[in-house]
Amino acid sequence: SIKPPELNLPTITSDNKTLGIVGAEYLMEHGFHNFAYYGFNNTIWSQGRCDGFCQRLSRDGIEVQVYQRPQAIDDQKWDEEQKRVEDWLKQLKKPIGIMASHDFRGRQLIEICRKSDICVPSQIAVLGIDNDLFICDLCLPPLSSIDVNFEHAGYQAAELLDKLMAG
C-alpha cells in the first residue's frame, strides 16, 4: 500500500511510473523513433506515467514531446483545446508513437486526428492505459491499451481492508 503525501490513509494505487516504462518499451518494440506523451498537469497518476515514459526513452537518448493540460478545463473551452492539440499534433515529426495518460485521452487523440486528416496508426500510433474495452473498441481504429489489472487491485484492496478490520 502507498500513502500519498496529502493523505494518511492506506490506499491501493497503480505503479504509474512502471506503466509509463511499459508504454515506452511497447512503442519502441513497434519500431517508433519519435515519441510523445498526452496527459494532464497536476495529477499524480498522469505525471507518474509521463515520468516513467520520458525516463525510459531518455536512457536511449530520445527526447519526448509532452502535451499536458489542466484536468479541470471548462467543457466550454474544449473547442479551443482541440485546436491547440491539433496544432501540436501537426507539428510533431512523424511517424510517431504517442502514449496517452489513459484510454479516454487516447480516444480524444484519435478523434482529433480523424477530424484533422492525420492517419492513425501510420502517421500517429496511439497507446492508452487502463484497457477499458468499451472505450478501446469505440475508437476507429481500435485503441491499443495497457491493462492495469483492476481486478487484481480489487483483491488487494479487499485484503488490505481485511487486515485493517482485524487490527
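This tour moves through a predicted model, one selection at a time.

**Stop one: strand S3**

Begin by selecting strand S3, residues 96–100. Five of its five residues are buried, so the strand is largely enclosed by the rest of the structure. Colour its two faces separately: Ile96, Ile98 and Ala100 lie on one side, while Gly97 and Met99 lie on the other. Both faces are covered.

**Stop two: the neighbours of S3**

Add strand S1, residues 35–41, to the selection. S1 and S3 run parallel and are joined by four bridges. Within this pairing, Phe35 stands opposite Gly97 of S3. Next, add strand S4, residues 124–129. S4 is also joined to S3 by four bridges, and these two strands run parallel. Here Met99 has Leu127 of S4 as its bridge partner. To see how the chain travels from S3 to S4, display helix H4, residues 103–115. The chain passes through this helix on its way, forming a β-α-β crossover that is right-handed.

**Stop three: the nonpolar cores**

Which residues have the most contacts inside the largest nonpolar core? Select Tyr38, Trp88, Leu89, Ile98 and Ile124 to display them; the core as a whole has 20 residues. At least two residues of this core come from each of S1, H3, S3, H4 and S4. H4 gives the most, with four residues.

Centre the view on Trp88. Setting aside residues up to four places away in sequence, Trp88 touches Ala36, Tyr37, Tyr38, Gln65, Val66, Tyr67 and Ile98. Another core, of 16 residues, lies apart from the largest one; Leu27, Tyr37, Cys50 and Val148 are among its members.

**Stop four: the aromatic rings**

Now show the side chains of Phe, Tyr and Trp. The model contains six aromatic pairs. Select Phe40 and Trp45: their ring centres are 5.9 Å apart and their planes stand at 70 degrees. Planes over 60 degrees apart count as edge-to-face, so this pair is edge-to-face. Is each partner buried or partly exposed? Phe40 is buried, with a relative accessible area of 5%, whereas Trp45 is partly exposed, at 28%.

Move to Tyr67 and Trp88, whose ring centres lie 5.3 Å apart with planes at 40 degrees, so this pair is tilted. The pair links distant parts of the chain, 21 residues apart: Tyr67 belongs to strand S2 (residues 64–70) and Trp88 to helix H3 (residues 78–91). Both Tyr67 and Trp88 are buried. Finally, select Phe35, Tyr37 and Phe53, which ring pairs link into a cluster.

**Stop five: two arginines**

Select Arg105 together with Tyr38 and Phe40. The charged end of Arg105 sits over the ring of Tyr38, 3.8 Å from its centre. Arg105 also lies over the face of Phe40, at 4.4 Å from that ring centre.

End the tour at Arg49, in helix H2, residues 44–58. Is Arg49 buried or exposed? Its relative accessibility is 4%, and buried means under 20%, so Arg49 counts as buried. Display what surrounds this side chain's residue: beyond those up to four places away in sequence, Arg49 touches Ser14, Asn16, Lys17, Leu19, Gly20, Tyr37, Met99, Ser101, His102, Ile129 and Asp130. Two of these names have appeared at earlier stops: Tyr37 in the ring cluster and Met99 in strand S3.

Key: Residues numbered from 1 in each chain as written. Predicted model: local features only at pLDDT ≥ 70, side-chain atom pairs only at ≥ 80, totals over all residues. Heavy atoms only, no water. Phe/Tyr/Trp six-rings, centres within 6.5 Å; stacked < 30°, edge-to-face > 60°. Buried < 20%, exposed > 50% of the residue type's maximum accessible area, 1.4 Å probe, protein only. Lys NZ or Arg CZ within 6 Å of the ring centre and 35° of its normal. Contact = heavy atoms within 4.5 Å. Pairing = 2+ DSSP bridges. Right-handed = clockwise from strand over helix to strand, strands pointing away. Core = buried A, V, L, I, M, F, W, Y, C linked by side-chain atoms within 4.5 Å.
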